[in-house]
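Biologist: Please take one part of this structure and look at it closely for me, and then work outwards from there to the rest. I am new to this, so one connected account would help me most.

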Protein chains: 2
Amino acid sequence: MPDSVLVHSPATLSNLGCGFDVLGLALAAPYDTIRVTRAAAPGVRIRHFDSYRLPTESARNVAGMALLALLKEVPEPVGFDVEITKGIKPGSGVGSSAASAAGVVVGANALLGNRFTNMQLVDFAMAGEVVACGARHADNIAPAIFGGFTVVRALEPALDILALPAPPLWVAVVHPQIEVKTSDSRKVLPTEVPLGLAVRQWANVAGLVAGFLTTDYALIGRSLDDYIVEPARLALIPGLAEARKRALAAGAIGGGISGSGPSIFMLNETEAVAQAVGEALGSVFTELGIDFNVYVGPVGSTGARVVSAD
Amino acid sequence: MPDSVLVHSPATLSNLGCGFDVLGLALAAPYDTIRVTRAAAPGVRIRHFDSYRLPTESARNVAGMALLALLKEVPEPVGFDVEITKGIKPGSGVGSSAASAAGVVVGANALLGNRFTNMQLVDFAMAGEVVACGARHADNIAPAIFGGFTVVRALEPALDILALPAPPLWVAVVHPQIEVKTSDSRKVLPTEVPLGLAVRQWANVAGLVAGFLTTDYALIGRSLDDYIVEPARLALIPGLAEARKRALAAGAIGGGISGSGPSIFMLNETEAVAQAVGEALGSVFTELGIDFNVYVGPVGSTGARVVSAD
């Protein structure tokens, strides 16, 4: 077994339009780069090599909490030194906290002889999400661990995650530099929804899953629509309606809010279209005078993975 | 083109547990047997060869209304004489009205050179469902026309139905002889549902679609659970909880209320298990002193179809 591993842990899209709290998709990039090293000293020590000023105390750090959850299931005395270089900006809505939490548990598992299943790793990494957003949820963790297209079918009584193949897809994401806290974006959600809208929503969920599994791009496009969450969050994300309009005009299949925002994602059939869609998305925020970053890349078939071991 | 055709139009399961108003599954049997004959006289004449005393006036008969909707799209003067032998008992919750409506439009289409698409036929047949239950819905019509496993993704702005392959499955249905009107079973539904329950419901819809498309019986089984509609209708169907318990003990994958009830369906991997499950379902109603019928048969890969033409 290695003493130290280097892990790449990818950005992820959660919700995917209609699939609030359930569906997720792994990207190939951007990703966090994480070194996990076995230490004789018990416990977890986190260092960040980036400029985001994240807390490094284990109990306040998403990676720290994830590893502490894992260590509870390890009988022998062992600890981990962790060095994180965030490639994914925190608060961007593409699973930044999930990437760190997933990456460290994948790294630690490699140092422990891969004794844990992916489902167990998701369970550990969810402890990190509690630090980031106050809730134990897996919709970014699941694709960050499994890769591809994921369904969090149940958290209780047992965690049940489906890892499904994704068709070839290119993703364009625009991250406008406005702050939308996950906790704020949860506050605007309705506590109850009309049954008729819920039916339309799960009809789209059925369509989206069928579209992914049968590689039907047109079906994916028309199934992404979100009748419940996006309308509630629309006011939090300036430019969303115009961004979608321009992205569709540039050839995107469809898209929506990435996670709890403020990033906006669009799915595309080819790299060329995704590049054009990325530019179209950016043009909206240029005109609004809001700084932004654009990511364009393919869907990631793998989740967090060890790229080198010493 | 033939002058007269004989059509078999199958029973169907709608809702399929979690997929209220959206999912459907065609059975191979029972089915209605319907003769549709081209007539020089315009309009539609319906005769029933069964003992159910259904209205035969076209505007009050599901098959009549479906054919009148179809005739609006036929420019030439033509009419239809229809003879229906119901193999599916009305009010049983396995798509009796949908079978008649679907069967006649499939028959009429054959007499008109198959000029209409399946999607158009669903649209016509939905006019029949308005007579039967007061609402324009397609969750039984879709599998009755397309066969297999269907998703009614949208009724508006355009009808969008997905016809998906179903894995080999055997269905056991028990029809207790109690009356549950579709209109009554709609009245007990909540108008609003908690967002958290809606999320659990569409997680199951995602799981069920993935289970069908990947032939994962265990996934189908654990995804069938309905958190919203079944709890509201539980009181209308005595014996449901006990029936499920005995069916699962007999080897069923899972099941629930068929359509708006009172029938209860269970999905099974083999004919032998389905037979045992059918007996288990029946035993509950024997003990309750309620008469019942049990149907056991495979999922039907085709919907309504012409079996002979003259």
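**A serine in a loop, and what lies around it**

Modeller: In this predicted model, B:Ser258 sits in the loop that links strand 9 (254-257) and strand 10 (264-268) of chain B. B:Ser258 counts as buried because its relative accessible area is 0%, and the cut-off for that word is under 20%. If we set aside its neighbours within four places in sequence, the residues in contact with B:Ser258 are B:Thr12, B:Leu13, B:Ser14, B:Gly93, B:Val94, B:Ser263, B:Ile264 and B:Phe265.

The two strands on either side of this loop lead us to a sheet. In chain B, four strands form an open sheet in the order 9-10-7-11, and their pairing is antiparallel. Strand 9 and strand 11 (292-298) of chain B each have a single partner strand and stand at the edges, so one side of each is left without a neighbour in the sheet. From one strand to the next, the twist averages 15 degrees. Further in, strand 7 (residues 170-176) of chain B pairs with strand 10 of chain B in the antiparallel sense, over five bridges, and B:Val171 is the residue that stands opposite B:Leu267 in strand 10 of chain B. As general background, the strands of a sheet pair through backbone hydrogen bonds, either parallel or antiparallel.

Chain A has an open sheet of four strands too, in the order 9-10-7-11 and with antiparallel pairing. Its edge strands are strand 9 (254-257) and strand 11 (292-298) of chain A, each of which pairs on one side only. Neighbouring strands of this sheet are turned against each other by 15 degrees on average, if direction is ignored. Here we can follow the pairing at the other end of the order, where strand 7 (residues 170-176) and strand 11 of chain A run antiparallel and are joined by seven bridges. Within this part of the sheet, A:Pro176 stands opposite A:Phe292 in strand 11 of chain A.

Going back to chain B, another stretch worth following is strand 5 (residues 149-154), which is largely enclosed by the rest of the structure, because six of its six residues are buried. Strand 5 of chain B has strand 2 (residues 23-39) of chain B as an antiparallel partner, with three bridges between them, and in this pair B:Leu25 stands opposite B:Phe149. Strand 5 of chain B also pairs with strand 6 (residues 160-164) of chain B, again in the antiparallel sense, over five bridges. These two, strand 5 and strand 6 of chain B, form a hairpin with five residues between them, and across it B:Val151 stands opposite B:Leu162.

A helix in chain A can be read in a similar way. Helix 1 (residues 62-71) of chain A is largely enclosed by the rest of the structure, because eight of its ten residues are buried. Among the buried residues are A:Val62, A:Ala66, A:Leu67 and A:Leu70. The buried residues of helix 1 pack against strand 3 (43-48), strand 4 (79-85), helix 2 (96-111) and helix 3 (118-133) of chain A.

It remains to put the two chains together. In this model 38 residues of chain B are in contact with 38 residues of chain A. The area buried between chain B and chain A is about 2800 Å², and carbon and sulfur atoms give 71% of it. B:Arg153, B:Leu195 and B:Trp202 supply 27% of the area that chain B buries against chain A, which is more than any other three residues. Chain B is superposed on chain A by a rotation of 180 degrees with 0.0 Å of shift along its axis, and the RMSD is 0.0 Å. That is the relation of a two-fold axis. The same surface serves both copies, since 100% of the contact residues of chain B recur in chain A.

Finally, the cysteines. The count of disulfides over all chains comes to zero. A:Cys18 is in no disulfide, and its nearest cysteine sulfur, that of B:Cys18, is 14 Å away. For B:Cys18, the closest cysteine sulfur is the one in A:Cys18, and at 14 Å it is too far for a bond, because a disulfide needs the two sulfur atoms within 2.5 Å. A:Cys18 is buried, with a relative accessible area of 0%, and B:Cys18 is buried with a relative accessible area of 0% as well.

How values were computed: Residues are numbered from 1 along each chain as its sequence is written. Chains are lettered from A and ligands numbered from 1 in the order in which they are written. This is a predicted model: local features need pLDDT of at least 70, side-chain atom pairs count only at pLDDT 80 or more; totals for chains, interfaces and linings use all residues. Side-chain values use heavy atoms; hydrogens and water are left out. Copies are superposed by least squares on the C-alpha atoms of residues with pLDDT of at least 70 in both. Contact means heavy atoms within 4.5 Å. Buried means under 20% relative accessible area, exposed over 50%, partly exposed in between (1.4 Å probe, protein chains only). Two strands pair if DSSP finds at least two bridges between them. Axes are lines fitted to C-alpha atoms, for helices over the stretch in contact, and angles run from 0 to 180 degrees between N-to-C directions. Buried area is the accessible area (1.4 Å probe) that two parts lose on being put together, summed over both.
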